[in-house]
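Subject: Structure handover

Hi,

Here is the structure I promised to pass on. Please open it first, then read my notes below.

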Amino acid sequence: MSKAIKFRVYLVTLIICVVGFIFSPASSQFYTNPFYIGSFVFAIALIIIVINYFCPNCRKNQVIQSATNYRLPTNKCYHCEEEIN
């Protein structure tokens with residue numbers, strides 16, 4: 001599975017976990033809710049993927065363009081058009 005597809009799968013899974021947590025019944029032990037735990041796990045995984053998603057040729061990050069500009073990654077580099085795993 002390519003890095004771009006893996007990123008999108010994690011992002012969709014995170015969104016599903018967040019929506020599932022919103023629609024789950026409220027309780028005093030919300031931290032044991034599987035959607036709550038899944039949201040944290042996938043959020044941390046996405047942060048690690050975003051920080052380490054570089055083009056092997058030009059070494060530019062493919063997700064974080066600037067402090068306020070982000071992109072969904074593709075299989076080609078945005079800067080040098082090199083194919084990324």
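Let me start at one proline. Pro 73 sits in the segment after H2. Helices here are DSSP runs (H or I, at least four residues; strands are E, at least two), numbered from the N terminus. Pro 73 is buried, because its relative accessible area is 0%. Buried means under 20% relative accessible area, exposed means over 50%, and partly exposed is in between (1.4 Å probe, protein chains only).

Before going on, a word on the source. This is a predicted model, in which local features need pLDDT of at least 70 and side-chain atom pairs count only at pLDDT 80 or more, while totals for chains, interfaces and linings use all residues. Residues are numbered from 1 along each chain as its sequence is written, and side-chain values use heavy atoms, with hydrogens and water left out.

**Around Pro 73**

Which residues does Pro 73 contact, beyond its neighbours within four places in sequence? They are Ala 4, Phe 7, Arg 8, Tyr 53, Val 63 and Tyr 78. Contact means heavy atoms within 4.5 Å. Take Arg 8: it is 65 residues from Pro 73 in sequence, yet the C-alpha atoms are 8.4 Å apart in space.

Now move to Val 63, also listed among those contacts. Val 63 lies in the segment after H2. It is buried, because its relative accessible area is 4%. Leaving aside neighbours within four places in sequence, Val 63 touches Phe 7, Val 50, Tyr 53, Asn 69, Tyr 70, Arg 71 and Pro 73. Val 63 and Tyr 78 are 15 residues apart in sequence and 9.6 Å apart, C-alpha to C-alpha.

**The core**

Val 63 belongs to the largest nonpolar core, which has eleven residues. The others are Ala 4, Phe 7, Leu 14, Leu 46, Ile 49, Val 50, Tyr 53, Cys 55, Cys 77 and Ile 84. H1 and H2 each supply at least two residues of this core. A nonpolar core is a set of buried Ala, Val, Leu, Ile, Met, Phe, Trp, Tyr and Cys residues joined through side-chain atoms within 4.5 Å. In soluble globular proteins, nonpolar side chains tend to be buried together.

Look at Cys 55 too. Outside its neighbours within four places in sequence, Cys 55 is in contact with Lys 60, Gln 62, Cys 77, Cys 80, Glu 82 and Ile 84.

**The helices**

How many helices and strands does the chain have? The count is two helices and zero strands. Helix H1 covers residues 3–23, and helix H2 covers 34–51.

Ser 39 is in helix H2. Ser 39 counts as buried, because its relative accessibility is 13%. Beyond neighbours within four places in sequence, Ser 39 contacts Leu 14, Cys 17 and Val 18.

Val 18 is in helix H1. Val 18 is partly exposed, because its relative accessible area is 37%. It also helps make a nonpolar surface patch of about 510 Å², with Ile 15, Val 19, Ile 22 and Phe 23. Patches are made of residues with over 30% relative accessible area and no salt bridge; like charges are joined within 9 Å, nonpolar side chains (Val, Leu, Ile, Met, Phe, Trp, Tyr) within 5 Å. A salt bridge is a side-chain nitrogen of Lys or Arg within 4 Å of a carboxyl oxygen of Asp or Glu.

Ala 26 lies in the loop between H1 and H2. Ala 26 is exposed, because its relative accessibility is 82%. The C-alpha atoms of Ala 26 and Lys 76 are separated by 43 Å.

**Two positive phi values**

Most residues other than glycine have a negative phi. Arg 59 has phi near 60°, a positive value. Glu 81 also has phi near 60°. Arg 59 is exposed, with a relative accessible area of 58%. Glu 81 is exposed as well, at 52%.

**The whole chain**

The chain has a radius of gyration of 16 Å, whereas a compact globule of 85 residues would be near 12 Å. That radius is taken over C-alpha atoms, and the globule rule is 2.2 Å times the number of residues to the power 0.38. The C-alpha atoms fill a box of roughly 50 × 30 × 15 Å along the principal axes. Buried residues make up 25% of the 85.

Over to you.

How values were computed
Areas by Shrake-Rupley, 256 points an atom, 1.4 Å probe, with all protein chains shown as cover.
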